[in-house]
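Notebook open, viewer open. I'm jotting down what I look up as I go, starting with the overall layout and then the odd backbone spots.

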Amino acid sequence: MSAAADVTKLRESFGEKIWETLEFRGEQTVRVELGSLHDVLAKCRNDLGYEMILDISSLDHFGDDPRFEMVYEIATLDDSKHLRVKAKVSEDEKVPSVTDLWVGADWHEREVWDMMGIPFTGHPNMKRILMWEGYPFFPLRKDFPLAGRPTDMPDVAFTGVAPLEGGPFVTSAGAEDVARREPRARVVE
């Protein structure tokens, strides 16, 4: 069986809860409603053989509602099938944890919480892993300034200008063309 056949099975099982299916360059993507996300992923794990979670990430569609989108990359152990499952998430919504399906989801969900501020229900240890506990901001959100935010905790956090600001691998938003706006190795003048 292929990932395309699995997408058909998911559509048959979940009907309108599957909002959209996409195929691009042989890769299959399924967009589901948030309320069905855990059930869809459980079916993928338990019935369709997707035993491995490769990645859990999130996107910030700043200015859109819902603002966020969760992205799950799952695969079979022999890597014969790969599936991407996506779900939109509003700022006030929580995402069901999938640590009960894949133990490896623990770290990925904590990273999404730490960097984007998307909370997970049912997670066994929802603590920050990169930023310190009590830090009130989420650095990968599009409204977080490149130079960072000042903090009242000088012994814990760097409070000066971000060390890469204007550096060779930072986007230059005001540049005159796309090539100069994109992050790339270049000489800093």
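**Entry 1: the whole chain.** I keep in mind that this is a predicted model. I count four helices and seven strands in the protein chain. Reading from the N terminus, I get the order α-β-β-α-β-β-β-β-α-β-α. The chain has 189 residues, and 40% of them are buried. For surface, I note about 11000 Å² exposed, with carbon and sulfur atoms supplying 52% of that area. I also looked at contacts between residues at least 6 apart in sequence: 46% of these join residues at least 24 apart.

**Entry 2: β5.** Next I went to β5, which spans 82-89. How many of its eight residues are buried? Six are, so I file the strand as mostly covered, taking buried as under 20% relative accessible area. Then I checked the neighbours of β5. β2 runs parallel to β5, and five bridges join the two. On that side I find Val 32 opposite Ala 87 of β5. With β4 the sense is antiparallel, and here I get eight bridges. One pair I picked out there is Tyr 72 with its bridge partner Val 85 in β5.

**Entry 3: the β4-β5 hairpin.** I followed the chain through the turn. The hairpin of β4 and β5 has six residues between the strands, and Asp 79 takes a positive phi there. The value is near 60 degrees, and the residue is not a glycine. Is Asp 79 buried or exposed? Its relative accessible area is 54%, and the cut-off for exposed is over 50%, so I log Asp 79 as exposed.

**Entry 4: Arg 25.** I found another positive phi at Arg 25, about 55 degrees, and again in a residue that is not a glycine. Where does Arg 25 sit? I place it in the loop between β1 (18-24) and β2 (27-32). Its relative accessibility is 75%, which is over the 50% cut-off, so Arg 25 goes down as exposed.

**Entry 5: a cis peptide.** Last stop was the omega angles. The bond from Asp 65 to Pro 66 comes out cis, with omega near 5 degrees. Pro 66 lies in the loop that links β3 (52-60) with β4 (68-75).

**Entry 6: recap for myself.** Three backbone spots are worth a bookmark. I'm tagging Arg 25 for phi, Asp 79 for phi in the β4-β5 hairpin, and the Asp 65 to Pro 66 bond for omega. I'm also tagging β5 for its pairing with β2 and with β4.

Definitions and conventions
Residues are numbered from 1 along each chain as its sequence is written. This is a predicted model: local features need pLDDT of at least 70, side-chain atom pairs count only at pLDDT 80 or more; totals for chains, interfaces and linings use all residues. Side-chain values use heavy atoms; hydrogens and water are left out. Buried means under 20% relative accessible area, exposed over 50%, partly exposed in between (1.4 Å probe, protein chains only). Two strands pair if DSSP finds at least two bridges between them. Contact means heavy atoms within 4.5 Å. Accessible areas come from the Shrake-Rupley method with a 1.4 Å probe; for residues, only the protein chains shown count as cover.
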